Amino acid sequence: MADEQTIVPGTATPEAMLVERIRSGDRSAEEELVQTYQRAVIAIATFRTHDREAARDLSQEVMIAVLKALREGQLREVNKLAAFIQGTARNLINNHLRKQASRAEVELAADETPGADPVEEAELAERRRLIQIELRSFNTTDQQILLLSLVDGHSLAVVAQRLNLSHDAVRARKSRMVKKIMKKFAPLSQR
Amino acid sequence: MDCRQPERDELVEQYLQGQMSSSAQDEFEVHILECSACLQAVETLQALREGLEQEAQRIRSEVPVRKGWFRWQWAAGLAVLLIVLGVGFQSYRHRRPVQIAQPKAPALSSPVPGIEPPQQTPGPSDQVVITVPGPPPPPKKMGDVTVTATRVGSEEVPSPDVKAGTPEITIDKTPTALMPDEKAVAHASPKDTAPQPNSATSQPVDEELAKELFLLGDVQAPAYTFSGFAATVDKSQKTGPRRKGTDAAVSITPGAGNLAQGRVYFEQAMGAYVDRRYGNAAALLEEAVQAQPNAEDANFYLGVCRLLVARPSDAIAPLTKILANPKSPFTQSAHFYLAKAFIQTQDLAQAEEHLRAADAVPGRLSTQAHSLLGKVQALRARQQPPLTPPTTLAPN
């Protein structure tokens, strides 16, 4: 069939092997897919909807839709799994934004759909809590620099103007704080 | 995609600020599905932003106290007192010169045998130096010119005719400035880079020009108030009540689905806009414009948001699109903000053209456009090289 790709042993990428395993009905492969990609889907949905709770629900929808498509062999280019997931996420998120929080009921039974790792979720929640504690340890000016730049979206020049600081000082302080937080809470990203 | 440090932090921030184009955003999202380091960076920065949003009210209301500084009220009072004393002392000194004995300095030994040691000259004992410490001004840079503003009177006794707005006495308006208010004002400056050391006491002419351009290119966010979510349509496609209280006039493209989607994005964008989250607003407005390419309000606010996040070049296209309809209620505003964009990109000819057009259209921006036009014309005149009068040869 034109929409099926023959996977040659020894040449397939891990993603292609995963897709093939899911297509053949391997439940552990489905769990592996969810464990591998759902966190990123949550991050994408959180950014696009600005609503963490909605993002969590949407990530479930996305993974269900992706699994359904993979089971039915709908992914034509097995080496573009990430792009397929991102496209699915984008479409479902746009639908959600359009319908404004009304989403279709999911027909699949709960035990048929692997969920996100609860340990990982707990770790993420704990990380958020610790980041907030770390944030409170910064002085007021530093917190204001972060608020104005990261939340309000102002340029460093505007932030410097508003806080009566030099541009250099704002840039250095912001960079120092972000690096500190990244180093402490996202050690992988420091590589 | 290059996601090594420090590019990664910058990419992540650009993504979360909504400063990427749609295609770049998609590409980055595909990347974080595959790169655990970048995913972790995104999650961390998202968590930081959420923490900041939760604490936003407290953070905005707190007044920062800098190390070694007095509170601004005391600093202002002290500065005024010192200026008055200094001026008084100066005028007294000029009437009665005072000899102040200097302690005898220790003899300097010459580092080289046979060479006279340097003469020690008395220091400037007859000059009162009052230094009111102040932060150096943020340097501004436009294009290839770096401007370093000099604070008048920062290291000498200020003369009585020092302007009241000297930065050392500037009151820190942080609490007020950070509190969201109805007329959300944001000042966007042209993109700036690393500053130069601030040691000059006079400014070259081109730096002065660049500084003026910077000030003229400053953008204030036009207020937006939600007043219903209706749109005016062409007579052939009536779909809803007329919107009141805003400049909205939307050209509806065929397809009710696109219309609804576009309006949803627009509403969300303007929610971010009134919260002064201009980066987020711009990203949502890009989606709105994708769904409704001819929506004048979406294009207008997209252009404005891009100006506010210091992307003047990207602001030109959406603002120009509005001019396709000469009867649009956004016409004057589009010309005005296009002029701002061209000032920021240092194209004064185009800026002047759009200010003339804005001035010619009756509207609430006429006065500002007229005033700005005069200033831009004056700047352009200064940029022109002076005409050299023909030399007259003396007769033999």
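**Exercise 1. Find the nonpolar surface patch on chain B, and place one of its residues.**

Solution. Start with the patch itself: Leu78(B), Leu81(B) and Leu85(B) make a nonpolar surface patch of about 280 Å². Patches are made of residues with over 30% relative accessible area and no salt bridge, with like charges joined within 9 Å and nonpolar side chains (Val, Leu, Ile, Met, Phe, Trp, Tyr) within 5 Å. A salt bridge is a side-chain nitrogen of Lys or Arg within 4 Å of a carboxyl oxygen of Asp or Glu. Accessible areas come from the Shrake-Rupley method with a 1.4 Å probe, and for residues only the protein chains shown count as cover.

Next, take Leu85(B), which sits in helix H5 (residues 72–95) of chain B. Helices (H or I, at least four residues) and strands (E, at least two) are DSSP runs, numbered from the N terminus. The relative accessible area of Leu85(B) is 51%, so this residue is exposed. Here buried means under 20% relative accessible area, exposed over 50%, and partly exposed in between (1.4 Å probe, protein chains only).

A word on the ground rules before you go on. This is a predicted model, in which local features need pLDDT of at least 70 and side-chain atom pairs count only at pLDDT 80 or more, while totals for chains, interfaces and linings use all residues. Residues are numbered from 1 along each chain as its sequence is written, chains are lettered from A and ligands numbered from 1 in the order in which they are written, and side-chain values use heavy atoms, with hydrogens and water left out.

**Exercise 2. Describe the interface of chain B and chain A.**

Solution. First, count residues: chain B brings 73 residues to the contact and chain A brings 65. Contact means heavy atoms within 4.5 Å.

Second, look at area. The two chains bury about 6300 Å² between them, and 56% of it is on carbon and sulfur atoms. Leu33(B), Gln40(B) and Leu48(B) supply 11% of the area that chain B buries against chain A, more than any other three residues. Buried area is the accessible area (1.4 Å probe) that two parts lose on being put together, summed over both.

Third, turn to the polar side. Nine salt bridges cross the interface of chain B and chain A, and 21 residue pairs (both at pLDDT 80 or more) are in polar contact between these chains. A polar contact is a pair of N or O atoms within 3.5 Å; within protein, one must be able to donate a hydrogen and the other to accept it, and residues adjacent in sequence count only if both atoms are side-chain atoms.

Finally, which helix gives the most to the side of chain B that touches chain A? H3(B) does, with 18 residues.

**Exercise 3. Trace the charged network around Asp26(B).**

Solution. Begin with the setting: Asp26(B) lies in helix H2 (residues 22–34) of chain B. Is Asp26(B) buried or exposed? With a relative accessibility of 16%, Asp26(B) counts as buried.

Now list its partners. Beyond neighbours within four places in sequence, Asp26(B) is in contact with Arg48(A), Gln86(A) and Arg90(A). With Arg90(A), Asp26(B) forms a salt bridge whose closest N and O atoms are 2.4 Å apart.

Then move to Arg48(A), which forms a salt bridge with Glu29(B), the closest N and O atoms being 3.0 Å apart. Arg48(A) lies in helix H2 (residues 27–49) of chain A and Glu29(B) in helix H2 of chain B, so the pair joins two chains. Both Arg48(A) and Glu29(B) are buried.

**Exercise 4. Compare a salt bridge between chains with one inside chain A.**

Solution. Between chains, Glu50(B) and Arg52(A) meet through their side chains in a salt bridge (2.8 Å, N to O). Glu50(B) is in helix H3 of chain B and Arg52(A) in helix H3 (residues 52–71) of chain A, so two chains are joined by this pair. Both Glu50(B) and Arg52(A) are buried.

Inside chain A, Asp142(A) forms a salt bridge with Arg173(A), with the closest N and O atoms 2.8 Å apart. This pair links distant parts of the chain, 31 residues apart: Asp142(A) in helix H6 (residues 140–151) and Arg173(A) in helix H8 (residues 167–185) of chain A. Asp142(A) is buried, with a relative accessible area of 6%.

To close the loop on Exercise 3, salt bridges that share partners join Arg48(A), Arg90(A), Asp26(B) and Glu29(B) into one network.
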